[in-house]
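Work through the two exercises below with the model in view. Each task is followed by a solution in steps.

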Amino acid sequence: FLFHSLQAKMSRPVQARRLEGIDKNIWVEFVKLAATYSKVNLGQGFPDFPAPDFLREALTRALGGGNHMLHQYTRAFGHPPLVKVLAQFFEKLLGRELDPMTNVMVTVGAYQALFCCFQALVDEGDEVIIIEPFFDCYEPMVKMAGGTPVFVPLRLNPPKDGKLMSSADWQLDPAELASKFSERTKAIVLNSPNNPLGKVFSRGELGLIAELCVKHDVLCISDEVYEWLVYDGKQHIRIASLQGMWDRTVIIGSAGKTFSATGWKVGWVVGPDRLLQHLRTVHQNSVYHCATIAQEAVAQGFQRELMLYGKPESYFVQLPKELQQKRDWLVQRLDEVGMKPIIPEGTYFLVADISLFKSDVPDVPNSDEPYDSRFAKWMVKNKGLAAIPLSAFYSEAHKNNYTNFIRFCFAKEEATLKAASDILQKWKQEKTS
Ligand code: PMP
């Protein structure tokens with residue numbers, strides 16, 4: 001009898017309805033494939049070089065120093081030294097006064113910052129505009145909040161003169177973007193510099209988005225985790241600094257990306273109290289708090305950067321310089337083997353065209369799986385090189401829009417990049433011989 005009643009209970013659906021349709025995740029699959037097969041991993045976005053000495057030293061000091069309270073809880077919405085220095089830093093960047101207690105909140109990576117935004121600001125039936133291709137978690141997070149994602153693509157206008165493509169060749173169609181705004185639109189997600197393309201939105205493009213947000217009274221969730229990784233003298237423009245946008249924008253940042261320490265999972269939001277007060281409610285009732293000691297070390301990292309702001313010794317000046325060299329090196333190697341790169345203006349990602357390598361990887365007609373996904377799986381299994389298919393950054397409905405591209409992460413040691421290049425060179429030689 002007991003056995004029967006247990007079985008009856010087990011047959012109840014255990015999964016909450018909000019998880020329907022979002023339980024399959026291509027990242028889980030690709031991270032596992034990379035762990036199993038890759039000799040060289042340019043897939044998931046993280047540096048394989050060390051975080052800067054000053055940051056590691058700050059953590060060591062926090063850990064072994066005299067202040068044993070750094071091992072205990074701190075203020076839930078952000079360790080005071082960290083919110084204070086973030087406020088000071090963003091005052092400089094935004095040219096406005098900030099209250100560290102109400103205009104800044106610390107989160108468990110930018111990931112939790114995003115989660116707080118969607119949970120706090122999106123209601124059942126609200127629409128949220130997402131620009132494709134996009135960092136994949138936006139879509140399930142909007143859905144979990146009960147909202148409906150509305151996608152608008154960056155459209156590719158390839159250069160006609162045979163030059164290499166640039167991420168700037170991927171552009172919003174102004175009329176198409178405007179057509180996505182309606183009275184149901186609650187928010188738009190902006191990610192500049194953009195993962196996966198590396199696109200850095202221009203002032204004109206941001207102005208257009210801002211104008212539409214103001215006109216339709218729409219919020220902007222601005223994911224700026226790659227804010228310091230901008231190349232060729234380009235400037236990262238913060239949409240919150242545009243006319244009418246501060247009051248409706250939440251800026252999201254990540255110490256993981258900023259200080260090359262993705263495992264620390266320290267992120268933040270900066271914005272007006274009228275929005276952040278609701279994010280605090282979600283944070284308070286879910287995560288509550290993130291590691292004090294990591295926050296302390298990140299605070300010290302920012303204090304250093306505040307002192308060196310704009311100077312050549314600043315990490316925020318040095319890191320993009322180093323990454324630009326890595327980008328240029330990989331761009332050349334990819335171009336040489338015929339895996340045409342799209343030159344990114346920012347981030348540490350680079351998307352490349354696999355068309356010339358397709359003959360080695362058979363297509364399966366009528367398959368539901370986009371070709372680039374099959375290609376990336378084949379490549380890691382047969383060549384030991386891990387990358388991520390571009391289709392992973394599109395919605396289900398649009399995942400077959402572009403299936404000839406894969407994304408590489410170039411925040412890697414020289415030896416890693418060289419090993420990747422060797423694999424591609426050898427592959428190309430085998431093809432032609
Ligand atoms: N936003 C974007 C665009 C990202 O690429 C990432 C990390 N890949 C995140 C947010 C999450 O950042 P964190 O590791 O700080 O949670």
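On a 1 Å grid over the protein atoms alone, a cavity is a set of points where a 1.4 Å probe fits but cannot get out, and its lining residues have an atom within 4 Å of a point. The model is predicted, so local features need pLDDT of at least 70 and side-chain atom pairs pLDDT 80 or more, while totals for chains, interfaces and linings use all residues. Residues are numbered from 1 along each chain as its sequence is written, and side-chain values use heavy atoms, without hydrogens and water.

**Exercise 1.** Describe the lining of the largest cavity.

Step 1. List the lining: I130, I131, P133, F134, Y138, V189, N191, N194 and F201.

Step 2. Assign elements (strands are DSSP runs of E, at least two residues, numbered from the N terminus). β3 (127-132) and β8 (185-191) each supply at least two lining residues.

Step 3. Sort by class (Ala, Val, Leu, Ile, Met, Phe, Trp, Tyr, Cys and Pro are nonpolar; Asp, Glu, Lys and Arg charged; the others polar). The lining has 7 nonpolar, 2 polar and no charged residues.

**Exercise 2.** Find which residues surround the ligand and state its polar distances.

Step 1. Count the residues with a heavy atom within 4 Å of the ligand. There are 13, and the closest are A110, D223, Y226, S254 and K265.

Step 2. Look for polar contacts (pairs of N or O atoms within 3.5 Å). A polar backbone atom of A110 is 2.8 Å from a ligand oxygen. Ligand nitrogen atoms lie 2.5 Å from a polar side-chain atom of D223 and 3.0 Å from a side-chain N or O atom of K257.

Step 3. Classify the shell: 6 nonpolar, 4 polar and 3 charged residues.

How values were computed:
A residue is near a molecule or strand if one of its heavy atoms lies within 4 Å of it. A polar contact is a pair of N or O atoms within 3.5 Å; within protein, one must be able to donate a hydrogen and the other to accept it, and residues adjacent in sequence count only if both atoms are side-chain atoms. On a 1 Å grid over the protein atoms alone, a cavity is a set of points where a 1.4 Å probe fits but cannot get out, and a pocket is an open set with protein on both sides within 12 Å along at least five of seven lines; lining residues have an atom within 4 Å of a point. Helices (H or I, at least four residues) and strands (E, at least two) are DSSP runs, numbered from the N terminus.
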